Amino acid sequence: MTAMLIKYRLATEHPVGKGALMFMVLCALFFVGVSVMNLGLYGYAMRWDSFIVVAMLFVFWGVGFEYGQVDGGWQVKVYWYGLTINVYRYENVDVVQDGKFFNLRFRSGNEYVPSWITFDKKGHDFFRMVFPK
């Protein structure tokens, strides 16, 4: 059974995901603000395709992972707002430094499989505290 799975949300914990989230929030606020202003001043609402950024923000916010050690290896569960999309099982894990970021790689058989799980220094220290070598 599962010993401990750590939740990792792509929008708030991935170093690049934080920037993408901020960009989408600013774009969504701009389009919603323009829509409210047009509705109040001119009496018409913007077209529905102006709210695609808001829909993208909703989709992006819900993507996340749960990863951790289980019996016989490592498990990564990909979910969207709690709905499990897929579950992957791997034999071992390795953390590789790439510049300022630390990428989590999983080993399956004789090959390493990259993942979307990336840490900054603070996240890497937390990972090593929870899962020492």
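Which residue is the bridge partner of I6 in β2? The partner is Y67, and this pairing is a good place to start a tour of the structure.

The model is predicted, so some care is built in: local features need pLDDT of at least 70, side-chain atom pairs count only at pLDDT 80 or more, and totals for chains, interfaces and linings use all residues. Residues are numbered from 1 along each chain as its sequence is written, and side-chain values use heavy atoms, with hydrogens and water left out.

## Around strand β2

Helices and strands are named here from DSSP runs, numbered from the N terminus (H or I over at least four residues for a helix, E over at least two for a strand). Two strands pair if DSSP finds at least two bridges between them. By that rule, β1 and β2 pair in the antiparallel sense, with four bridges. Strand β2 also runs antiparallel to strand β3 (residues 73-80), and eight bridges join these two. One spot to look for is V70, which stands opposite G73 in β3.

Together β2 and β3 form a hairpin with two residues between them. In the turn you will find G72, which has a positive phi of about 85 degrees.

How well covered is β2: mostly covered or mostly open? It is mostly covered, with six of its eight residues buried. Buried means under 20% relative accessible area, exposed means over 50%, and partly exposed lies in between (1.4 Å probe, protein chains only).

## The open sheet

Now turn to another group of strands. Three strands form an open sheet in the order β5-β6-β7, with antiparallel pairing. The edge strands are β5 (92-98) and β7 (111-119), each of which pairs on one side only. On average, neighbouring strands of this sheet are turned by 30 degrees against each other, direction ignored.

Strand β6 (residues 101-108) pairs with β7 over six bridges, in the antiparallel sense. To see one facing pair, find R107, which stands opposite Y112 in β7. As background, side chains in a regular strand alternate between the two faces of the sheet.

Helix α4 (residues 121-130) lies across β5, β6 and β7, running at about 120 degrees to β7. For such angles, axes are lines fitted to C-alpha atoms, for helices over the stretch in contact, and the angles run from 0 to 180 degrees between N-to-C directions.

## Salt bridges

Side chains of opposite charge can pair when their charged atoms come close. A salt bridge here is a side-chain nitrogen of Lys or Arg within 4 Å of a carboxyl oxygen of Asp or Glu. A search of the whole structure finds six salt bridges, and the table shows three examples.

| Pair | N to O distance |
|---|---|
| K7 and E66 | 3.5 Å |
| K18 and D120 | 4.0 Å |
| R105 and D94 | 3.0 Å |

Let us take them one by one. K7 forms a salt bridge with E66. K7 lies in strand β1 (residues 6-9) and E66 in strand β2 (residues 63-70), so the pair ties together parts that are 59 residues apart in sequence. K7 counts as exposed, at 52% relative accessibility, whereas E66 is buried, at 12%.

The side chains of K18 and D120 also meet in a salt bridge. K18 lies in helix α2 and D120 in the loop between β7 and α4, so this pair ties together parts that are 102 residues apart in sequence. K18 is partly exposed, with a relative accessible area of 39%, and D120 counts as partly exposed at 27%.

R105 and D94 meet in a salt bridge too. This pair links R105 in strand β6 with D94 in strand β5, 11 residues apart. R105 is partly exposed at 27% relative accessible area, and D94 is partly exposed at 25%. Elsewhere, salt bridges that share partners join K7, E66 and K77 into one network.

## Helix α2 and the loop after it

Is S35 buried or exposed? At 10% relative accessibility, S35 counts as buried. It lies in helix α2 (residues 15-42). Leaving aside its neighbours within four places in sequence, S35 is in contact (heavy atoms within 4.5 Å) with M46 and F51.

Y44 is found in the loop between α2 and α3 (52-62). Y44 is partly exposed, with a relative accessible area of 45%.
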